[in-house]
Amino acid sequence: MPKKMTRRTFLKTLGKTGAFTLLAGLSGYYYSKHIEPYWTEITRFTIRHKLIPADFRRFKIALFSDTHLGYHYQLSHLRKAVSLIMEENPDMIIFSGDLMDNPSAYHQIRETVELLRLLDAPFGKFAVFGNHDHGGYGTEKYRYIMEESRFKVLQNTAVPVAKGRSFIFLAGVDDCMLGRPDLKAALARRPGEVYTILISHAPDYADVAKGYPVHLQISGHSHGGQIQIPFVGPVITPRYGRKYVEGLYALDGLTLYVNRGLGTTRLPFRFLSRPEITFFTLEPE
């Protein structure tokens, strides 16, 4: 016959359960605020396509995004990210938007430029606008910082990237939320059948891009949901970042990659959504 639980035993068990729950909650809070947001993951992908020229074999592209400087991500954290990128000796560097969290309240302009100038790549550095870059009257401030840092800002424009006797085409569109993206204008000078990469801050813009001759879209914006709950998924998904949240997608001939970004916004937490720097290696098919 089972032994009857006394009131004292019941209260003791309840106390242990409560203490464990509290400890788990505090540990989770500390981890998601102080550890994971600064635990950068390096992800690597090989991109193969028949239009990638042989001259671009093993061509390495570094992607970073969504630093949201001034919220909880500071220049000291960005300095570490710059070091991680430069350790890889990339051929090209791409920033896919949201440099500052609140441009009107961000004043470390000179220090930011000096730090971003440390990034160097033989085939150039390129950037697009994110929604936070336009917000808070930040449009010109963002453009100034990036251009002074020797990034070329692609706002509904594109450039050919030449290597040897071959080239690929790199396009960038304005932000979907606070800008005016125009992919038709960006691709207006695309010279026939050439491997084409699109930078769009907003990943869900892929549903537009897949109707154009674009082969790889690179995006950020979603932060991978920033907080993910097992068996539930991402908690925070912004507009234009709800359908495609993180990682690699194959969409009707278009490959989409969504980077989780480096900083945080709205809430200073990350859980099961580590900050990320991505390296792509191009290979002819």
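Buried area is the accessible area, taken with a 1.4 Å probe, that two parts lose on being put together, summed over both.

**View 1. The two domains of the predicted model.** The domain assignment of the chain divides this predicted structure into domain 1, which covers residues 1-38, and domain 2, which covers residues 40-284. Taken over C-alpha atoms, the centres of domain 1 and domain 2 are separated by 42 Å.

**View 2. The interface between domain 1 and domain 2.** Between them the two domains bury about 850 Å², and 61% of this area lies on carbon and sulfur atoms. On the side of domain 1, the residues that lose the most area to domain 2 are Glu36, Pro37 and Tyr38, which together account for 65% of what that side buries. In terms of contacts, 7 residues of domain 1 meet 12 residues of domain 2.

**View 3. Polar and charged groups at the interface of domain 1 and domain 2.** Across this interface 6 residue pairs are in polar contact, with both residues of each pair at pLDDT 80 or more, whereas the count of salt bridges between the two domains is 0. The residues of domain 1 that touch domain 2 comprise 4 nonpolar, 1 polar and 2 charged residues.

**View 4. Aromatic pairs, including Phe56 with Phe59.** The count of aromatic pairs comes to 10. One of them joins Phe56 and Phe59 in a tilted arrangement, with 5.0 Å from centre to centre and 55° between the planes; Phe56 and Phe59 are both buried. For Phe64 and Phe95, the ring centres are 4.8 Å apart and the planes stand at 50°, so this pair is likewise tilted, given that planes under 30 degrees apart would count as stacked and those over 60 as edge-to-face.

Note on methods: Residues numbered from 1 in each chain as written. Predicted model: local features only at pLDDT ≥ 70, side-chain atom pairs only at ≥ 80, totals over all residues. Heavy atoms only, no water. Domains from an automatic or database assignment. Contact = heavy atoms within 4.5 Å. Salt bridge = Lys/Arg side-chain N within 4 Å of Asp/Glu carboxyl O. Polar contact = N/O pair within 3.5 Å; in protein donor to acceptor, adjacent residues only side chain to side chain. Nonpolar A, V, L, I, M, F, W, Y, C, P; charged D, E, K, R; others polar. Phe/Tyr/Trp six-rings, centres within 6.5 Å; stacked < 30°, edge-to-face > 60°. Buried < 20%, exposed > 50% of the residue type's maximum accessible area, 1.4 Å probe, protein only.
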